[in-house]
Structure formats: C-alpha cells, structure tokens
Amino acid sequence: MSAATLEEGPLRGPSFFLDRTALRALALAHRGQYAAARPYPHVAIDGFLGTPLASALAGLFPGANDASWKRRDHVEQAARLGQLQRKAFEEVPGALRHLLSEFSSMSFIDFLESLTGVQGLITDPHFRGAGLHLTLRGGHLALHADFNRDRFRALTRRLTVLYYLNPDWEAAWGGDLELWSADLSRCETRIAPLLDRLVVMAHGDDYWHGHPTPLECPEGRGRAAIAAYFYTAETSPDAPEPHSAIWAPPRP
C-alpha cells in the first residue's frame, strides 16, 4: 500500500494527499530498522507513493533547460542544479509543488516523528538548501556533513528527507547515496536513487554522506531528487513557563 491517496481535484483532475493511516503503518514497520541502521540512523522506503503516481511526477520534473536552475560547479560539487525556491518554485509544475507542500503536512510530520522518535519537528517552508535537485552527467556531491542550524529561525537540524524520481535508473550510471563511517574509513551503506524511494536520515556532525563518484548517466538524463529538512527548537532557560489562555475578567 502506498502512502498517497488520490482524489478528484477541481483544477487538473486527480490530486493526491499523503494518507495518515498508511504513513503511520509505514513508520511502525520501519522504525526498528531506522534506529538500528549503520553508520547512523536512516531508512530507505521503496514504493512510497506508488509507481503510477511517482512515474507521473518524474515526467513533470524540470530538465536542465526547463527552469531557472542555479548551477554549482566546484571541487565539492559539480554539474548540480538547484535553488528553484529563489522564485518560490513558480517554474515547477503544480503536482511537484503540491508534493513539497505535503512534505510539510501534519500527516508527514506525524510519520517522521513516529519513525524516528524525534518529537516537535518543524518544517522549513522556504526549503533553504533543499527543494528540487538535478545532477547531470559528470556531476557529483562530495562526502559532507550537513549544516546544523537554521540561522534565520535559531532552529537545530534533526532530519533530512530525500525522495528520488529516476525511472529506469541503471546501476552502471552511479549516483548511489553513500553513507560513511564517522572516521571516514569506509562506506557502510549505499542507496541507489531509484524511482519512488524515500530516504529519511538523522543529522549529525560526523554523519558523512554524498555521491562522490561522477555520474555516468546518458546525456539528457540526470539524477532527480527532492529534499526536505526538518528542525527542532531548543528550550531557552529564559523562556516563560507555558500556560493556557488567559481570560480577561468579565466586564461589569
């Protein structure tokens, strides 16, 4: 059973929404695997939305010339396109924008909290550093540990979610997400960027990951991913004690 339900929408025919019941079942089925995974907590869930919906979304994913991507070509990362949030995703088809919204929904937050045990998760509606990513032939992302704070909101990063939209992806093309040991001595896990695969992984300053080997996919193909990051707020010693609503006394 996939995590999405289809409904007849008012504008473009069928729309989809993440199903809270199905997501809870997924969380319960995978939370032991998440907690025990090496080299740090993570899980890859296949068939997340179901092949028909995932294939349709993959067909809408913008190509290299279909949107105002910002390209990165550095030692650490090359031929990587992103930053469509600079224009509020206005060039992104509506169904993909809807998926971004669903990743910020109550149902998805409940799923992540049940899966990981991290409570009080906060989404980032600006998708800073996240959103849609497309890596072209020859591109790579060096091993790294992710940034740890949302400095605009003074929040601590806790989780990364990746969702892949790559139909018929061949192993020879590379692009596996590699998770490395804390001492960088070995790759402990490889996760291929296959269509309809959802990855959830914990954040840590020695949680090394990337896809460091240049892609060998054909020209015209790319490694398509959607990323979302999740945070928690730290308790301040100066914060007031919580209370319920304070009602004014009745007026005479």
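**Cysteines**

I looked up C217 and asked how far its sulfur is from the closest cysteine sulfur. In this predicted model, the closest one belongs to C187, at 19 Å, which is too far for a bond. I checked from the other end and found that C187 has C217 as its closest cysteine partner, again at 19 Å and too far for a bond. A disulfide is a covalent bond between the sulfur atoms of two cysteines. I noted the cut-off for a pair, sulfur atoms within 2.5 Å. My search of the whole structure gave zero disulfides.

I then looked up the accessibility of each cysteine. C217 has a relative accessible area of 0%, so I wrote it down as buried. C187 has 24%, so I wrote it down as partly exposed.

**The hairpin β9-β10**

I looked at strands β9 (residues 177-180) and β10 (residues 187-191), which run antiparallel and are joined by four bridges. One pairing I noted is L177 with I191 in β10. The two strands form a hairpin, with six residues between them. In the turn I found L184 with a positive phi of about 60 degrees.

**Strand β11**

I asked how many of the residues in β11 (residues 197-202) are buried. The count is six of six. In a regular strand the side chains alternate between the two faces of the sheet. I therefore checked the faces separately: R197, V199 and M201 lie on one side, L198, V200 and A202 on the other, and all are buried.

Next I looked up the partners of β11. Strand β3 (residues 42-45) runs antiparallel to β11, with four bridges between them. In this pairing A44 stands opposite V199. β8 also pairs with β11 in the antiparallel sense, over six bridges. There I noted L159, whose bridge partner in β11 is A202.

**Helix α4 and the core**

I went on to helix α4 (residues 106-116), where eight of 11 residues are buried. The buried ones are S107, F108, I109, F111, L112, E113, L115 and T116. After the helix comes G117, with a positive phi near 80 degrees.

I looked up the largest nonpolar core and found 64 residues in it. F48, F108, F111 and L132 have the most contacts inside this core. Strand β13 (residues 222-232) gives the most to it, with eight residues.

I followed F108 further and asked which residues it contacts, leaving aside its neighbours within four places in sequence. The list is L18, L23, F48, E102, F103, V161, L198 and F230.

**The largest pocket**

I looked up the volume of the largest pocket, and it is about 590 Å³. The elements that give two or more residues to its lining are β4 (70-72), β5 (77-82), β6 (131-144), β8 (155-164), β12 (209-211) and β13. β6 gives the most, with six residues. The lining has 29 residues in total. Of these, R80, H133, L141, H144 and Y229 lie nearest the centre of the pocket.

**W247**

I ended with W247 and asked whether it is buried or exposed. Its relative accessibility is 74%, and the cut-off for exposed is over 50%, so W247 counts as exposed. I placed W247 in the segment after β13. I also looked up the distance from W247 to F17, which is 230 residues away along the chain. Their C-alpha atoms are separated by 38 Å.

How values were computed:
Residues numbered from 1 in each chain as written. Predicted model: local features only at pLDDT ≥ 70, side-chain atom pairs only at ≥ 80, totals over all residues. Heavy atoms only, no water. Core = buried A, V, L, I, M, F, W, Y, C linked by side-chain atoms within 4.5 Å. Buried < 20%, exposed > 50% of the residue type's maximum accessible area, 1.4 Å probe, protein only. Contact = heavy atoms within 4.5 Å. Pairing = 2+ DSSP bridges. 1 Å grid on protein atoms, 1.4 Å probe; cavity = no way out; pocket = protein on both sides within 12 Å on 5 of 7 lines; lining within 4 Å. Points joined across faces, edges and corners; volume = space filled by probe spheres on them.
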